[in-house]
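Please look over the points below with the coordinates open. They are kept short.

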Amino acid sequence: MKRNTLTIAVIAALAFGANVASAKEPAPKDKPKEMKPITVTAVMAAAAPAVDGDAKDAVWKTAPAVKLEVVKGANFKGGKTTATLQVAYDKENLYMLLSYDDPTLSVRRSPYQKQKDGTWEKLKDPEDKGGDNDVYYEDKIGVMWNINNSIVGFEKFGCAIGCHGGEPGKPYGNKYLEEAGELGDLWHMKWVRGGYLGQIDDGYLDHTRFDPEKAKSAGRKTDPKTAGGYDDIKLVNGKPEFMSKDAKPANKGGTYWLPAEDKVPFDDSKFKPGDEVSSILVAPFVGDRADVKFSGKWAKGKWTMEISRKLVTGSKFDVQFDDLKKGYGFGLALFDNAQVRHAFVEQPLVLQFK
């Protein structure tokens, strides 16, 4: 079937300033621009870098650093930032070092807040019409790989080829691929929902269209897991179901995530009006979904992140770096306290092994 590029749109295609919540707009329907790819070269590491969010390892002093303009995203100043990417590998693993400017560390992901009358409310972006939160969210990154070169046109349009705006069901578009058999490997670091644990949420993208009952996430899927993950904490009789055993409010020395091992039944008497508690319960992924390791540090308006994954995992949902003579197409997106309105590198990226 012939690809209808007129339906392809870039989800993160509108530049925002700091006050994005006051002016949400739908994704444009324009097809992505064809652009010349940027090559990122991976070098062999004499010693594996420690995945600790620190750039002091010897290999990062020699690996070529590629500067990338990341544009058209919510909350970044002027809608853009500058990122630096380096890649290395050894006999077993791929390693990535990513740094970029982000003036704020965003962790206040939709917490519950106790009101003056004693009730609890979940804090919401007042402009969010569904899955479009730019006020109470978290910092994230996304890396999308073209599995087995199956995505037609990826080498010309990059990851934007999977973004579709102006469709019913979502205020800012859907993400999916055009044809059955096309697959993209999605590495989605969500700081509150597992990034702090040292994991990236490993998923994939296929051709599934949006369906309000059967496929709310359209083509976005997650790799299988045998345990762990994150779940929303529900309000039960008007109060959060769980709290941390130390009873610290998130905005007074606690955290905006609740580790599963720390949960206890909620005790409302421990909290005062204005206190905030986590609305998300988190445990480490186990299984295929836990393939990608991560460590990140935010300091003085800058993120420094390290990522590692085995070159070959054997999973059908993963890109396999099994031929170091080949080029591997990928895309990069950065989220500053945004659910979907990410900044992204417009050019297709190609990883080459040296």
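The points cover the basis of the values, the cores, the cavity and one strand.

1. This is a predicted model, in which local features need pLDDT of at least 70 and side-chain atom pairs count only at pLDDT 80 or more, while totals for chains, interfaces and linings use all residues. Residues are numbered from 1 along each chain as its sequence is written, and side-chain values use heavy atoms, with hydrogens and water left out.

2. The largest nonpolar core (buried Ala, Val, Leu, Ile, Met, Phe, Trp, Tyr and Cys residues joined through side-chain atoms within 4.5 Å; buried means under 20% relative accessible area, 1.4 Å probe, protein chains only) has 46 residues. Leu-94, Trp-145, Trp-187, Phe-321 and Leu-351 have the most contacts inside it. Another core, of 11 residues, lies apart from it and includes Tyr-112 and Phe-271.

3. One cavity of 30 Å³ or more is counted (a set of points on a 1 Å grid over the protein atoms alone where a 1.4 Å probe fits but cannot get out; lining residues have an atom within 4 Å of a point). The largest cavity holds about 40 Å³, the space filled by probe spheres set on the points, which are joined across faces, edges and corners. Its lining includes Leu-85, Ile-141 and Phe-330.

4. Strand E20 (residues 280-286; strands are DSSP runs of E, at least two residues, numbered from the N terminus) has five of its seven residues buried, so it is largely enclosed by the rest of the structure. Strand E13 (residues 227-232) runs antiparallel to E20, joined by five bridges (pairing needs at least two DSSP bridges). Strand E17 (residues 258-259) pairs with E20 in the parallel sense over two bridges, and Pro-259 stands opposite Val-282.

Terms used. Buried means under 20% relative accessible area, exposed over 50%, partly exposed in between (1.4 Å probe, protein chains only). On a 1 Å grid over the protein atoms alone, a cavity is a set of points where a 1.4 Å probe fits but cannot get out, and a pocket is an open set with protein on both sides within 12 Å along at least five of seven lines; lining residues have an atom within 4 Å of a point. Helices (H or I, at least four residues) and strands (E, at least two) are DSSP runs, numbered from the N terminus.
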